[in-house]
Amino acid sequence: MSRQRSRDTGIEVALRRELHRLGLRYRVHRRPVRGVRREADVVFGPTRVAVFVDGCFWHGCPEHGTWPKRNGEFWRAKIEANRARDANTDLVLAEAGWAAVRVWEHEDPAVAAERVREAVLGRRGRLA
């Protein structure tokens, strides 16, 4: 498991490629809110949109997440803690005026990029 990439995964790169193709410009692997140790995979600073690309196993995808049989208690606690941290991150960002967009690794990058684009464009007029 230590060999799993945490940055620049295939889906992350594909999503960024689609976002760029749609004309959106962004920052990569930044902390949206100062003082909060949570890093978003893609950040749109002016519109305050943070995008997180979540792996199905690590974040307990309802469609594709699996529960390992070996050392099951450890993994269940680990994945549940990840879910709780994700929910807390969304709450902290919302309280700071940010919108969090979550993308699962199994999603089509073009569809996910369109969802992110709608979030960014929807917030452009509100934050001026």
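This tour moves through strand S3, the aromatic pairs and two charge-over-ring arrangements of a predicted model.

**Strand S3, residue 50.** Begin by selecting alanine 50, which belongs to strand S3, spanning residues 49-54. Its relative accessibility is 0%, so alanine 50 counts as buried, the cut-off being under 20%. Display the surrounding residues next: beyond its neighbours within four places in sequence, alanine 50 is in contact with Pro32, Ala40, Val42, Leu93, Trp98, Ala99, Ala100 and Val101. For a distance to check in the viewer, take the C-alpha atoms of alanine 50 and tyrosine 26, which are 9.8 Å from each other, with these positions 24 residues apart along the chain.

**Strand S3, residue 54.** Now move to aspartate 54, also placed in strand S3. Is aspartate 54 buried or exposed? With a relative accessible area of 4%, aspartate 54 is buried. When residues up to four places away in sequence are set aside, aspartate 54 touches His59, Asp86, Arg102, Val103, Trp104 and Glu105.

**Aromatic pairs.** Turn next to the rings; the whole structure holds five aromatic pairs. Select tyrosine 26 and phenylalanine 44: the ring centres are 6.0 Å apart and the planes stand at 70°, so this pair is edge-to-face. Tyrosine 26 is located in the loop between helix H1 (10-21) and strand S1 (27-30), while phenylalanine 44 is in strand S2 (residues 40-44); the pair therefore ties together parts 18 residues apart in sequence. Colouring by accessibility separates the two partners: tyrosine 26 is partly exposed at 23% relative accessibility, whereas phenylalanine 44 is buried, with a relative accessible area of 4%.

Continue to phenylalanine 57 and tryptophan 58, another edge-to-face pair, with 5.1 Å from centre to centre and 80° between the planes. Here phenylalanine 57 counts as buried at 17% relative accessibility, and tryptophan 58 counts as partly exposed at 24%. Extend the selection to Phe74 and Trp75, since Phe57, Trp58, Phe74 and Trp75 form one aromatic cluster.

**Charges over rings.** Which ring lies beneath the charged end of arginine 76? Select tryptophan 67: the charged end of arginine 76 sits over its ring, 3.9 Å from the centre. Finish at phenylalanine 52, where arginine 102 lies over the face of the ring, at 4.3 Å from the ring centre. Arginine 102 was already met on this tour, among the residues that aspartate 54 touches.

Notes: Residues are numbered from 1 along each chain as its sequence is written. This is a predicted model: local features need pLDDT of at least 70, side-chain atom pairs count only at pLDDT 80 or more; totals for chains, interfaces and linings use all residues. Side-chain values use heavy atoms; hydrogens and water are left out. Helices (H or I, at least four residues) and strands (E, at least two) are DSSP runs, numbered from the N terminus. Buried means under 20% relative accessible area, exposed over 50%, partly exposed in between (1.4 Å probe, protein chains only). Contact means heavy atoms within 4.5 Å. Rings of Phe, Tyr and Trp (its six-membered ring) pair if their centres lie within 6.5 Å; planes under 30 degrees apart count as stacked, over 60 as edge-to-face and the rest as tilted. A charge sits over a ring if NZ of Lys or CZ of Arg is within 6 Å of the ring centre and within 35 degrees of the ring normal.
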